[in-house]
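Trainee: Could we walk through the charged pairs and the helix packing together? I'd like to follow the reasoning step by step.

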Amino acid sequence: RYHHTSISHLCSCSKTASDEKYQDPFQLGRKDLKNLYEDIKKELLVSTAELKEMCDYYFDGKGKAFRPMIVVLMARACNIHHNNSREVQASQRSVAIIAEMIHTASLVHDDVIDDANSRRGKMTVNQIWGERKAVLAGDFILSAASVALARIGNTTIISVLTQVIEDLVRGEFLQLGSKENENERFAHYLEKTFKKTASLIANSCKAVSILGCPDPKVHEIAYQYGKNVGIAFQLIDDVLDFTSCADRLGKPTAADLKLGLATGPVLFACRQFPEMNAMIMRRFSKPGDVERARKYVLQSDGVQQTTYLAQRYCHEATREISKLRPSPEREALIQLTEMVLMRDK
C-alpha cells in the first residue's frame with residue numbers, strides 16, 4: 001500500500017527558491033526551443049509530397065514540447081553545475097530535437113498498433129492515410145532521428161539514445177503480454193511504463209549531461225531525474241484515462257481498458273475487487289467488461305493510490321536534481337515535477 005502523503009509535503013523542496021528566482025519552466029526553456037519544429041522539418045527533407053504532408057501533420061508546432069523542454073533545462077542545469085556556463089550547446093539542442101522525433105515516431109506506431117482514431121484532439125495519421133503508410137512514416141521519422149544522432153558524432157551519445165529505441169520496442173512487447181501473479185503484474189506494468197515512456201526522458205537527460213559535464217555522478221543524477229519524472233508522467237496519464245473527459249485529453253477516455261490494458265488504477269482496484277482478476281486475464285474482452293472495470297476503478301481507491309505513487313516518483317526526481325548546484329533551471333526542473341502531478345490533460 002502506498003500511504004497518503006500530501007502533495008504540498010512532497011513538493012516542498014521547490015519552495016526553497018526565492019520568488020524572483022522562480023520562473024515558469026516553459027518560459028525559461030522557450031528561447032532554446034525557438035524554431036524547434038522548423039528544425040525538425042529540416043531533418044525530414046523528403047522527396048514525396050505525401051510523406052512530407054504526413055510528417056508536417058504531427059510536427060505542427062502545437063504540441064507542448066514537454067520532452068525537449070526537460071532536455072534543454074537539464075542541459076543548462078548541468079552546464080551551470082559544471083562550469084557556470086549558461087549556454088546550451090548545439091549538440092545538446094540536437095538531443096532535444098532527436099528526443100521529440102523519437103517520441104513522435106513512437107506515437108505514430110502506437111496509434112497503428114492500437115488502431116487509434118484520435119490523438120492530440122485530431123484524427124490520427126493511420127485514420128487519414130491508412131496503416132501501411134503510417135508505419136512507414138513512423139519508420140521514416142525514426143531514420144531521420146538516427147541520421148541527426150550520428151551527426152552529433154559522439155559514440156557514447158549514440159549508444160545512450162539508441163537504447164531508447166530498443167526500450168520502446170521491448171516496452172510495446174511487454175504491453176502485449178500479461179502476468180497472472182498479482183505482484184508480477186505490477187512489476188510488469190512499471191517495467192513497461194519505464195521502457196515505453198520514461199526511458200526516452202531518462203536517456204535524453206543523461207545524453208545532455210554527458211555532453212555538458214564529465215562527472216559520472218551528474219550523469220546518474222540526470223538519468224534518475226528523467227526516469228522518475230517519466231514514470232510519474234505516465235502514472236498520471238493512466239489516472240487521467242479514468243478521470244478526465246475526452247475533450248480535455250484529446251483522445252477517448254477508458255482507451256486503455258478498451259485495448260485490454262490493466263494500468264495502475266486497475267491494478268490497485270483489483271486488490272479491493274478481486275473479481276477484476278478474471279477480467280484482466282481476458283483483457284476486458286467480454287461484453288460489458290470495460291464498463292464494469294471502469295466502475296470498479298472509480299469505486300475503489302485505485303486512482304488515489306496511483307496518484308500517490310506518482311507523487312513518490314516526483315519526490316525522488318526532486319531529491320535527485322537537488323544535488324546539482326542551485327540555478328533557475330534546476331528550480332524549473334523541480335517545478336516541472338509539480339506540473340506533472342497537477343496536469344489535467
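Trainee: How many salt bridges does a search of the whole structure find?

Mentor: Happy to help, and keep in mind that this is a predicted model. Side chains of opposite charge can pair when their charged atoms come close. Searching the whole structure for such salt bridges gives a count of 20.

Trainee: Which residue meets E50 in a salt bridge?

Mentor: E50 sits in helix α4 (residues 49-58), and its partner lies 83 residues apart from it in helix α8, so the pair links distant parts of the chain. E50 is partly exposed at 33% relative accessibility, and its partner is partly exposed at 37%. The N to O distance is 3.1 Å, and the partner is K133.

Trainee: Are E329 and R76 buried or exposed?

Mentor: These two form a salt bridge, with the closest N and O atoms 2.8 Å apart. The pair connects helix α18 (residues 328-342) with helix α5 (residues 66-83), 253 residues apart. Buried means under 20% relative accessible area. Both E329 and R76 are buried.

Trainee: How are α6 and α8 oriented to each other, roughly parallel or roughly antiparallel?

Mentor: Helix α6 (residues 90-114) and helix α8 (residues 131-152) pack with their axes 9 Å apart, at an angle of about 165°. Their crossing is left-handed. Angles over 145 degrees count as roughly antiparallel. Therefore α6 and α8 are roughly antiparallel.

Trainee: Which helix gives the most to the nonpolar patch?

Mentor: The patch covers about 430 Å² and is made by I113, V169, F173 and L176. One of these, V169, is partly exposed, with a relative accessible area of 46%. With three residues, the top contributor is helix α9.

Methods
Residues are numbered from 1 along each chain as its sequence is written. This is a predicted model: local features need pLDDT of at least 70, side-chain atom pairs count only at pLDDT 80 or more; totals for chains, interfaces and linings use all residues. Side-chain values use heavy atoms; hydrogens and water are left out. Patches are made of residues with over 30% relative accessible area and no salt bridge: like charges are joined within 9 Å, nonpolar side chains (Val, Leu, Ile, Met, Phe, Trp, Tyr) within 5 Å. Accessible areas come from the Shrake-Rupley method with a 1.4 Å probe; for residues, only the protein chains shown count as cover. A salt bridge is a side-chain nitrogen of Lys or Arg within 4 Å of a carboxyl oxygen of Asp or Glu. Helices (H or I, at least four residues) and strands (E, at least two) are DSSP runs, numbered from the N terminus. Buried means under 20% relative accessible area, exposed over 50%, partly exposed in between (1.4 Å probe, protein chains only). Axes are lines fitted to C-alpha atoms, for helices over the stretch in contact, and angles run from 0 to 180 degrees between N-to-C directions. Angles under 35 degrees count as roughly parallel, over 145 as roughly antiparallel, 65 to 115 as roughly perpendicular and the rest as oblique. A crossing is left-handed if the near helix is turned anticlockwise from the far one by less than a right angle, and right-handed if clockwise.
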